[in-house]
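Subject: Handover of a structure and the findings on it

Dear colleague,

Please find below the structure that I am handing over to you. My notes on its pocket, its charged pairs and its aromatic rings follow.

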Amino acid sequence: MNLKVVDMSRVLAGPVCSMMLGDLGADVIKVERPGEGDETRGWGPPFNPDGESAYFLAINRNKKSLAADLSDEADRAVVLNLIRGADVVLENFLPGSLERLGLDAGKLLEENPSLIWCTISGFGPESARPGYDFVIQAECGWMAITGEREGAPMKVGVALADVVAGKDAAIAILAAVAERAEGSLPSSKRRIDISLADSARAALVNVAQNVLVSGNDAGRWGNAHPNLVPYQLFEAADRPLVIAVGNDGQWRACANALGLDDLAQDVALSTNAGRLKHRDRVVTAFAERVREMGAQHWIDRLQSVSVPCGLVRSVAEALAATDADARTGVRPSVPGSVRMPPPKLDEHGDAIRSLGWRTFQR
């Protein structure tokens, strides 16, 4: 992909976006503050033997690093020159911050009619609130639906609002690039605003729609599902597993595989609506049966009849099943490749200052 990206974002959502573009082949220059760089460089331990934080390494491969003080005239000139030759600028500065530093998005978009500018914020372009994932999860309904039914609200174990927003930004950028390739792109479409709050609310998907359709607020279901039964965690004799029945055919196959023929033949349970009505009966019977044998025994039986199920694996177990590297992270989730490890701070500064985008010549 012949795309030049100036990435002035930091922390998680923006770097996820630019890493995805880099995985797909874009040339990405990561502009960082001199001295400390992206603050995630210090978000550890753990640090690798070179002193690089695992957090930073996870989301910054396939980029070159330039340390530049945007308040310094010479450094600002370097960045402006990069922007003038770029296809995309990505940033997550608070409103007005870049303008005060002499980097006015509106003027730069006028100057370069092919430039695409993407801003990622916490709560939208009109808000000066910083948007950290934890706050977004709290305010956008995620914590209210995560955790045990009688327990406290909980955040998701990954900063998923940031990740979703980063992916949304990548999609929006690539859509603009595709439309630009068909002809001139209207200025309104060259200025992209992605907010963590908008991404998080949209990611509520069926939970949001349940509330809109029913008029009833959503609650926490722990490891169960508000719309499907059985669709939850069960404790086997040795370890937990999940069973995820998504249709009536899977239900009959699942109940029979567990030896619960009476449930499989019960007309009252033949539809998902019926199973929802009799949730306690179904879940109690499943829990008692699954507890009798080891998890792999049930996994083998259920998979033999194509019932979705799985062991609850640790992160280490999950990583053992895929390509992952302590320097470059988990393999790309898109059809891309790892071409460069995450950069040291200002690792490519001299080359970028002297060669500009030619530093990527292959």
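How many nonpolar, polar and charged residues does the lining of the largest pocket have, by class? The lining has 17 nonpolar residues, eleven polar ones and one charged one. Please bear in mind throughout that the model is a predicted one.

The pocket

The largest pocket holds about 690 Å³ of space. Its lining consists of 29 residues, and those nearest the centre of the pocket are Ile145, Val207, Ala224, His225 and Pro226. Three elements give two or more residues to this lining: α10 (205-214), β7 (231-235) and β8 (240-244). Of the lining, α10 provides the largest share, with six residues.

Salt bridges

As general background, side chains of opposite charge can pair when their charged atoms come close. In the whole structure, the search finds 19 salt bridges. The following may be of interest to you.

One of them joins the side chains of aspartate 38 and lysine 30, at 2.9 Å from N to O. Both aspartate 38 and lysine 30 are buried.

A second salt bridge pairs arginine 84 with glutamate 111, whose closest N and O atoms are 2.5 Å apart. Because arginine 84 belongs to helix α3 (residues 73-84) and glutamate 111 to helix α5 (residues 105-111), this pair ties together parts that are 27 residues apart in sequence. Arginine 84 has a relative accessibility of 43% and therefore counts as partly exposed. Glutamate 111, at 46% relative accessibility, also counts as partly exposed.

A third is formed by aspartate 248 and arginine 275, with 3.0 Å between the closest N and O atoms. Aspartate 248 is in helix α11 (residues 248-257) and arginine 275 is in helix α13 (residues 272-277), so the pair ties together parts that are 27 residues apart in sequence. Is each partner buried or partly exposed? Aspartate 248 is partly exposed, with a relative accessible area of 28%, whereas arginine 275, at 1% relative accessibility, counts as buried.

In addition, Arg10, Arg33, Glu36 and Glu39 are joined into one network by salt bridges that share partners.

Aromatic rings

The search of the whole structure finds four aromatic pairs. Among them is the pair of phenylalanine 234 and phenylalanine 286, which is tilted, with 5.8 Å from centre to centre and 40 degrees between the planes. Since phenylalanine 234 lies in strand β7 and phenylalanine 286 in helix α14 (residues 279-290), the pair ties together parts that are 52 residues apart in sequence. Both phenylalanine 234 and phenylalanine 286 are buried.

Phenylalanine 286 also forms a pair with tryptophan 251; this one is stacked, at 5.8 Å centre to centre and with 15 degrees between the planes. Tryptophan 251 is part of helix α11 and phenylalanine 286 of helix α14, so here the parts tied together are 35 residues apart in sequence. Tryptophan 251 is buried, its relative accessible area being 0%. Through ring pairs, Phe234, Trp251 and Phe286 are linked into a cluster.

Charges over rings

Which ring lies under the charged end of arginine 41? The ring is that of phenylalanine 56, and the charged end of arginine 41 sits 3.9 Å from its centre. Arginine 149, in turn, lies over the face of tryptophan 221, at 4.2 Å from the ring centre.

With kind regards

Definitions and conventions
Residues numbered from 1 in each chain as written. Predicted model: local features only at pLDDT ≥ 70, side-chain atom pairs only at ≥ 80, totals over all residues. Heavy atoms only, no water. 1 Å grid on protein atoms, 1.4 Å probe; cavity = no way out; pocket = protein on both sides within 12 Å on 5 of 7 lines; lining within 4 Å. Points joined across faces, edges and corners; volume = space filled by probe spheres on them. Helix = DSSP H or I, 4+ residues; strand = E, 2+ residues; numbered from the N terminus. Nonpolar A, V, L, I, M, F, W, Y, C, P; charged D, E, K, R; others polar. Salt bridge = Lys/Arg side-chain N within 4 Å of Asp/Glu carboxyl O. Buried < 20%, exposed > 50% of the residue type's maximum accessible area, 1.4 Å probe, protein only. Phe/Tyr/Trp six-rings, centres within 6.5 Å; stacked < 30°, edge-to-face > 60°. Lys NZ or Arg CZ within 6 Å of the ring centre and 35° of its normal.
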